[in-house]
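Please find below some notes on the model, set out as numbered points. They are best read with the structure open alongside.

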Amino acid sequence: MNNKTVGIVGVGNVGATLAFILATKNICSTLLLKDVRENIVQAMALDISQATNAAKSKTITKPCLKDEEFKNCDVIVITAGIARRPGMTRDDLLITNAKIMTSVMNSITKYNPNAIVIIVSNPLDAMVYAALKASNWNRNKIIGMAGILDSARMSYFIFEKLGYGQGQIEASVMGGHGDSMVPLADFSTVAGVKLNTLLSEEDIEDIINKTKNGGAQIVKLLETGSAYYAPAYSTSLMIEAILEDKKKICPCAVMLEGEYGYNNIVSGVPIMLGINGAEKIIELDLKDEQKIQFSKSVSSVQELVDTLEKKFFEEKKAF
């Protein structure tokens, strides 16, 4: 723990589950919770505080009702945002969540100048872009959580197909968080054995398609919500890597500045995660087909960014 403070903005299903994981696993010394719903954030803090006492954890959980109470964080996780509602266009959702993200960044930067920020809000890659734009912080300090989650989903679908290898599967996914993501079968292994030696091309293609739709499948089954256990746990792994300076290699959404041939766009790529956030971007030697798929994924994020620039950031400049 080393007297580390983690803040979570948004204590819906993902944020509350993450808070429970962090507090009961004793990952940090102090956990700060913030949400526009003051009664909910107080209830979550109280419930989680009681859970930590049952777990004999030393983590102290506090609700923050004022901006100045949410301060001196080493890591901040932002899950705040709304889900798409009936009658909303994709652009409506994008702009609404960009407004929320900008408001959150404006409220936290003053009191948390040294924090590393992990974005979980969707559409993820565009929200990382919005957070960077709103804060003007260096790209290493604002990172999107998706790659670990998508890789975990791919690992499960590999296990489901094989029927063995649980806990020994290393899957790799890059690109935007959505159906344009690029699962990398030839960078995925089971106990060090390459996937294509264990499964047919048809089986691997099925795994790739299931991975791309892993989140949508859960949304469809739940009907009124989306996944939260896997996203929350994946985020906790990123927090541990940062607080403990693990220099862990994992896929995360970051701003690209020349890597893979792209500039001023956010996408999921392998990075080295440590005390300074995204400390290094790893450039994989992709095959031509993977380069094409990655290009398509980047283009899908670029469409969202173009919409943000035209309908949100340009309008803000006008006032």
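1. In this predicted model, three strands form an open sheet in the order β7-β10-β11, and their pairing is antiparallel. The edge positions belong to β7 and to β11 (193–194); each has a single partner strand, so one side of each is left without a neighbour in the sheet.

2. The pairing between β7 and strand β10, which covers residues 189–190, consists of 2 bridges, and the two strands run antiparallel. To locate this pairing in the structure, one may look for E170, whose bridge partner in β10 is T189.

3. Where does Y164 lie in the chain? Its place is the loop that links α5 (147–162) with β7 (169–170). The relative accessibility of Y164 is 43%, and this residue therefore counts as partly exposed, a term that applies between 20% and 50%. Together with V193 and L198, Y164 forms a nonpolar patch on the surface, and the three have about 240 Å² of accessible area together.

4. A second group of strands may be followed from β1, residues 5–9. Of the 5 residues in β1, 5 are buried, so the strand is largely enclosed by the rest of the structure. Its residues point in two directions: T5, G7 and V9 one way, V6 and I8 the other, and all are buried.

5. Which strands pair with β1? One is β2, which pairs with β1 in the parallel sense over 5 bridges. Within this pairing, T5 has T30 of β2 as its bridge partner, and G7 has L32 of β2. Another is strand β4 (residues 75–78), again parallel to β1, with 4 bridges between them; here the bridge partner of I8 is V77.

6. Strand β2, which spans residues 30–34, is mostly covered, as 5 of its 5 residues are buried. T30, L32 and K34 point one way from β2, while L31 and L33 point the other way; all of them are buried. The student should note that K34 is included among these buried residues.

7. β2 is also joined to strand β3 (residues 60–64) by 5 bridges, and these two strands run parallel. In this pairing, K34 stands opposite C64 of β3.

8. The connections between these strands deserve attention as well. The chain passes from β2 through helix α2 (residues 38–55) to β3, and this β-α-β crossover is right-handed. A right-handed β-α-β unit is likewise made by β1, helix α1 (residues 13–24) and β2.

9. Helix α8 (residues 229–243) contains 15 residues. From its first C-alpha to its last, α8 reaches 21 Å, close to the 21 Å expected at 1.5 Å a residue. Is α8 enclosed or open to the surroundings? Of its 15 residues, 11 are buried, so α8 is largely enclosed by the rest of the structure.

10. The buried residues of α8 include P231, A232, M238, I239 and L243, and also S234, T235, S236 and E240. In general, an α-helix has 3.6 residues a turn, so residues three or four places apart point the same way. Just after α8, D245 takes a positive phi of about 50°.

Conventions:
Residues are numbered from 1 along each chain as its sequence is written. This is a predicted model: local features need pLDDT of at least 70, side-chain atom pairs count only at pLDDT 80 or more; totals for chains, interfaces and linings use all residues. Side-chain values use heavy atoms; hydrogens and water are left out. Patches are made of residues with over 30% relative accessible area and no salt bridge: like charges are joined within 9 Å, nonpolar side chains (Val, Leu, Ile, Met, Phe, Trp, Tyr) within 5 Å. Accessible areas come from the Shrake-Rupley method with a 1.4 Å probe; for residues, only the protein chains shown count as cover. A salt bridge is a side-chain nitrogen of Lys or Arg within 4 Å of a carboxyl oxygen of Asp or Glu. Buried means under 20% relative accessible area, exposed over 50%, partly exposed in between (1.4 Å probe, protein chains only). The expected span of a helix is 1.5 Å times one less than its number of residues. Two strands pair if DSSP finds at least two bridges between them. A crossover is right-handed if, with the strands pointing away from the viewer, the path from the first strand over the helix to the second runs clockwise.
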